[in-house]
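Work through the exercises below with the sequence and the coordinates at hand. Each task is followed by a solution in steps.

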Amino acid sequence: MDYLYHPFRSQRHTVFAKNGVVATSQPLAAQAGIEIMRRGGNAIDAAIATAAALTVVEPTSNGIGGDAFALIWTEGKLHGLNASGPSAKGATADKVKALGHEKMPVFGAVPVTVPGAPSAWAEVSRRFGKLSLSETLEPAVRLAEEGYPLTPILGKYWEVAYNKFKNLSGGSEEERKAFEAWFDTFAPDGRPPKTGEMWRSPGHADTLRQIGETDGRAFYEGPLAEQIAEAIQANGGFLSKEDLAAYQAEWVEPVSANYRGYDVWEIPPNGQGMIALMAMNIHSAGGQQPAYGDAETLHRQIEAMKLAFTDGKAFITQPDDMPVEAAHLLSPEYAEKRAAVIGDRAIDPEPYELPKGGTVYLAAADGEGNMVSFIQSNYMGFGSGIVVPGTGIALQNRGADFSLDPEHPNYLKPGKKTYHTIIPGFLTKDGEAVGPFGVMGGYMQPQGHFQVISNTVDFGLNPQAALDQPRWQWVGGKTVQVEPDFPLHLAQALQRKGHDIQIATDSGGFGRGQIIWRNPETGVLEAGTESRTDGSIAVW
């Protein structure tokens, strides 16, 4: 039976609840969050439980060895958490070049940065949770110990990862050794598990248990941290146990842009959420009233996004290394100058002239008014391919985004945080929470944020419809990919405006989103989930 074969169109409706909602990309993870709410936890506890469960039930997109970001609304205020990790204190561009690399490698131990996800869980639990971290991780521990059957999209991308690492390990003895633990952990029978087959990971369960019992410190100090450092250094990486011990997730002030009366919130740099805000500002500065199903509106949205993305990639990194302040990139002056570049034809964007001088997403909400937008990722699926033997820890490869060009703002330095793709979003109006939203998927993320917010604010689509709307994705130059069900007449109209339109045969690269909105009058929660993956909403 082919579980990815869908000859008939299906339809989802918005889901409503009063006491609690968890929306994410995997049914068992959503249920883990609701279980914790029923046991007395709030939306913050539920988000942690769901995030931890996702490391078990969707390892193709995230893991214990990845990073995380969160936007948390509680008691009338929005809080931001940046749990991205820095490069090793011993990592330099010269050392990477000495290994024979002209640019940062994508896989292996060299691009591994300090994982921030376990610290994120501990920080969020300590500050806002009602239950202990150990309690909130119990559903994830149980899933890892007892096992679960693979869902269709999970099975698809597990096989993709298996083939990728098989090809990568087909080179030198050094490459084969680097990925050996990945195969021992995720393909112990000599093949990837298939859709519907049971999967267990006892080592993963034990690691989660240690993290819970120590409020996250076991990952960064002690025997487990030593194992992580040994696995990296044995494969030629730079990260040390001292790098791990020094790490702590950072609370930050979220940044926002007002889009047609709504405030859209993102995490500030080093995250790329700024790009979504910049695109919205540029689009608004153009002065045109958006129209649904209109080629001119789509053209101007695409042009605004490509300008914002070009500038974001040129300037965004760790804040103290940015050549321009984030406030300027969100200013009316910047938006108006960039909007003036947009004409009737598609352009090849050039970076703004400076003024002188794989990921999982979840949303959770409870009846008390708490709401969480949470995202975590290993990057590019399983991440670096480096797995700590016997622990279930697949380590991220976030360092792959560093530049080895000393003139680039994102130049690799010791202890530096790189440009980061994962971004949670949040929407407010007149100082009150509307709710969390997010669209995961590498460089699709700010593009997905822009499209989902436009669908909601400009066109009044309900949460499920806002997610189901066929998406476009700018990929560089004048090239724009559109989903298979993107209206052909609009694709043709965009082509006539000079865009190189490519119709994709698969929707896998167009992001996976979740939305929860709260009715300000009744407190009723309404949620939509992603039809492009094994999306699920659990309610109470």
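The exercises concern a predicted model and deal with single residues, salt bridges, a pocket and two loops.

**Exercise 1. A buried acidic residue**

Task: Locate Glu266 in the secondary structure, state whether a salt bridge accompanies its side chain, and list its contacts.

Solution.
- Step 1. Glu266 belongs to strand E9, which covers residues 262–266.
- Step 2. Glu266 is buried and has no salt bridge. Its nearest side chain of opposite charge is that of Arg398, 13 Å away. Because a salt bridge requires the nitrogen and the carboxyl oxygen to be within 4 Å, a partner at 13 Å does not qualify.
- Step 3. The side chain of Glu266 does make a polar contact with that of His449, at 2.7 Å.
- Step 4. Beyond four places in sequence, Glu266 is in contact with Leu71, Pro254, Val255, Gly273, Ala276, Leu277, Ile423, Pro424, Gly425, Phe437 and His449.

**Exercise 2. A contact partner of Glu266**

Task: Is Leu277 buried or exposed, and which residues does it touch?

Solution.
- Step 1. Leu277 sits in helix H14, residues 273–285.
- Step 2. The relative accessible area of Leu277 is 0%, and the limit for buried is under 20%, so Leu277 is buried.
- Step 3. With residues up to four places away left out, Leu277 touches Val255, Ser256, Ala257, Val264, Glu266 and Leu330. Val255 also appears in the contact list of Glu266.
- Step 4. Between the C-alpha atoms of Leu277 and Trp265 the separation is 8.1 Å, with their positions 12 residues apart along the chain.

**Exercise 3. Salt bridges**

Task: How many salt bridges does the whole structure hold, and which residues does Glu296 pair with?

Solution.
- Step 1. The whole structure contains 23 salt bridges.
- Step 2. Glu296 pairs with Arg300, with 2.8 Å between the closest N and O atoms. The two residues are four apart in helix H15 (residues 295–315), so about one helical turn separates them.
- Step 3. Glu296 also forms a salt bridge with Lys497, again with an N to O distance of 2.8 Å.
- Step 4. Glu296 is partly exposed at 24% relative accessibility. Arg300 is buried, at 14%, and Lys497 is buried, at 18%.
- Step 5. For another pair, take Glu197 and Arg191, whose closest N and O atoms are 3.1 Å apart. Glu197 has a relative accessibility of 27% and counts as partly exposed; Arg191, at 32%, is partly exposed as well.
- Step 6. Salt bridges can also join into a network, and here one links Glu35, Arg39, Glu138 and Arg142.

**Exercise 4. The largest pocket**

Task: What is the volume of the largest pocket, and which helix supplies the largest share of its lining?

Solution.
- Step 1. The volume of the largest pocket is about 1400 Å³.
- Step 2. Its lining consists of 33 residues. Those nearest the centre are Ser10, Asp485, Ser507, Ser531 and Arg532.
- Step 3. Helices H7 (152–168) and H19 (463–468) each contribute at least two residues to this lining. The largest share, four residues, comes from H7.

**Exercise 5. Positive phi outside glycine**

Task: Where in the secondary structure do Asp215 and Asp430 lie, and what is the phi angle of each?

Solution.
- Step 1. Asp215 is in the loop that joins helix H10 (202–213) and helix H11 (217–220). Its phi is positive, about 55°, although the residue is not a glycine.
- Step 2. Asp430 lies in the loop between strand E14 (425–429) and strand E15 (432–440). Its phi is near 55°, also a positive value in a residue other than glycine.
- Step 3. The relative accessible area of Asp430 is 65%; the limit for exposed is over 50%, so Asp430 is exposed.

**Exercise 6. A strand residue**

Task: Which strand holds Ile503, and which residues does Ile503 touch?

Solution.
- Step 1. Ile503 is in strand E18, residues 500–503.
- Step 2. Not counting residues up to four places away in sequence, Ile503 touches Val482, Glu483, Pro484 and Leu488.
- Step 3. Ile503 and Phe486 are 17 residues apart along the chain, and their C-alpha atoms are separated by 8.1 Å.

Key: Residues numbered from 1 in each chain as written. Predicted model: local features only at pLDDT ≥ 70, side-chain atom pairs only at ≥ 80, totals over all residues. Heavy atoms only, no water. Buried < 20%, exposed > 50% of the residue type's maximum accessible area, 1.4 Å probe, protein only. Lys, Arg positive; Asp, Glu negative; His and termini not counted. Polar contact = N/O pair within 3.5 Å; in protein donor to acceptor, adjacent residues only side chain to side chain. Contact = heavy atoms within 4.5 Å. 1 Å grid on protein atoms, 1.4 Å probe; cavity = no way out; pocket = protein on both sides within 12 Å on 5 of 7 lines; lining within 4 Å. Points joined across faces, edges and corners; volume = space filled by probe spheres on them.
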